[in-house]
Amino acid sequence: MLLAMIVLVVAIQAWPAFQTFGLGFVYQPVWNPVTDTYGALSMIYGTLMSALMALLIAVPLGVGAAIFLSENFIPLPIRKVLIFLIELLAAIPSVVYGLWGIFVLIPLYRPWASWLHVNFGWMPLFNTPPVGPGMLPAALVLAIMILPIITAISTDSLVALPSDLRQAALSVGASRWRTILTVLLPAAISGIGGGVMLALGRAMGETMAVTMLIGNANQLSVSVLAPANTIASLLANQFAESRGLQVSALMYAAFVLIIMILVVNILAQMIVGKIRAKYQ
Amino acid sequence: MPDDATESDNFFEPSSLDRRPGSARFIFNLIMTVLAALCTILAIIPLVAVLFYVLFQGGQRIDIALLTQLPPPPLAEGGGLGNALLGTLIIVGIATLISVPCGILAAVYLSEYALGSQLTQTIQFATNVLSGVPSIIAGVFVYGLLVVTGLTGYSAVAGGTALSILMIPTIIRTTDEALQLVPQDVRFAAFGVGATPSQCIIKIVLPAALPSIITGIVLAIARASGETAPLIFTALNSSFWPSGLFQPIASLSVSVYNFALVPFENQQELAWAGSLILVLLVVITSIVARLVTLQKN
């Protein structure tokens, strides 16, 4: 009910911009409040790119940590404390991550980024000189923020597997890691996939930390060292001081974001629901 | 993947049961275990780093002035976040007033009146999807509903409404879970002595589930007080003491955001101190909630 209302209100507010720009809004790269020309392509690209880069970092780490925490490598009480600590990561407000990113992460990242640019500048990925804020630091902080979701859901789905599976694999002589890689992970893959989808949705909608770190430049650049923008940070930056058609264009951008995230979330719900049906 | 075939050559020899530290599968297992442990450590490092910096940088400015004074103008010394602290309390208070009755009523309906029906499943699905809606969208929604239309303008009420949209799914979910944990026998016993369904729910089931419900509400409040995105363009900000529910109002999280982006050292220190308050709030409530649930089990 509330959900439908949210979609409706945003859609109504977005209507003037929709009439003016039509579907071209989605693939026009120019966002210029002075001439009232709006296109969201660079923001849509930034949203997807930063979220995917964050997944690229967070998925291996999260699944690795989940395996470590769901097997009996270390005593259960210590595991419980570690799981709680990782869940605590999810509870820290995103504005605090942003602050930490500006004053701790970016100074640490700058020498590395310069090194990347000097030595690998021939690759399009690193072909702009680093200015501090940019796609890469934003993706790094995003990865930290979605790590707890991936770890928690992967741990849950690994623990929820019937113990018969593990015992059967061990009894035919598979080593522990053979069991994990060939039996347990494939069996839990839909749960892990659901967790990854949820994390993707979270990363696409994350606002504050990204706004503070991505540089908010409405440009389309392949380089991960260049400043970029996402839909969410565009909204955070421009809403308070926009008028007329710009408000409507922002609403349109918000509408695009909602659709993107709803699709991801509904897919995630369906995948997670499937594993429950399979093993319970 | 190591080649395990060589190990089965002398399968029936007793020595094949020995643990051979040089074997391929032993080394592979060792490497993978170390990798997994490394992943876990890497996952914990950011938490330690963030907490350390917030404590270290924010701890320097924790004093009475922080809690009682107005924020300083650029380049001035001293000052505090008193108005932002009060503003956060007011906004979160409004959000709680809206979301707690809504959330609890919805959960009671879901688990007591309409359990298992098609409608319930649809609503639960919608609630799950709603909890995945990014916080900035809640801000956009309230902006379109209350601010642009001039119903409240930029105000504490608009900010509180935006936060309540984020709190409702959490409250519905935790209350729903708490109600389902109340044994069915208790309800049968209440009906057995002649209670009507509403009497049963108000006098028997809700009190039994109260501790878990309160835990859920407190967690929702702690999360909401750290939210920034929905407040930037609903509650806006202000450098003065709150002057009314329908005026722009400062909040801790928005103040941290603004002060993080300015080049003045004094204000940056205040941003760290503000984050420290937010982080302490979240961490302490999480630990207390965890202890309460542990005690019950």
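**Buried area.** I looked up the area buried between chain B and chain A, and it comes to about 5800 Å². Carbon and sulfur atoms give 81% of that area. I note that the model is a predicted one.

**Contacts.** I then took the residues in contact: 64 residues of chain B touch 66 residues of chain A.

**Polar links across the interface.** I searched the interface of chain B and chain A for salt bridges, and the rule finds 1. I identified the pair as Glu87(A) and Arg290(B), whose side chains meet at 3.1 Å, N to O. For polar contacts between chain B and chain A, I counted 3 residue pairs, with both residues at pLDDT 80 or more.

**Chain B side.** I listed the elements that give two or more residues to the side of chain B that touches chain A. They are α1 (24-59), α4 (118-131), α5 (135-147), α6 (156-181), α9 (229-232), α10 (252-260) and α11 (265-296), each of chain B. I asked which of these gives the most. It is α1(B), with 19 residues. I sorted the residues on this side of chain B by type and got 48 nonpolar, 12 polar and 4 charged.

**A helix pair in chain B.** I next checked α3(B), residues 82-113, against α6(B). Their axes come within 6 Å and cross at roughly 35°. I recorded the crossing of α3(B) and α6(B) as right-handed. In the contact of these two helices I find 21 nonpolar, 10 polar and 2 charged residues.

**Salt bridges overall.** I extended the salt-bridge search to the whole structure, and it returns 4 over all chains. One that I looked at in chain A joins the side chains of Glu71(A) and Arg166(A), at 2.6 Å, N to O. What does this pair tie together? I placed Glu71(A) in the loop between α2 (41-70) and α3 (76-91) of chain A, and Arg166(A) in helix α6 (residues 163-171) of chain A, so the pair ties together parts that are 95 residues apart in sequence. As a general remark, I note that side chains of opposite charge can pair when their charged atoms come close.

Definitions and conventions:
Residues numbered from 1 in each chain as written. Chains lettered and ligands numbered in written order. Predicted model: local features only at pLDDT ≥ 70, side-chain atom pairs only at ≥ 80, totals over all residues. Heavy atoms only, no water. Contact = heavy atoms within 4.5 Å. Buried area = accessible area lost by both parts, 1.4 Å probe. Polar contact = N/O pair within 3.5 Å; in protein donor to acceptor, adjacent residues only side chain to side chain. Helix = DSSP H or I, 4+ residues; strand = E, 2+ residues; numbered from the N terminus. Nonpolar A, V, L, I, M, F, W, Y, C, P; charged D, E, K, R; others polar. Axes fitted to C-alpha atoms, helices over the stretch in contact; angles between N-to-C directions. Left-handed = near helix turned anticlockwise from the far one by under 90°.
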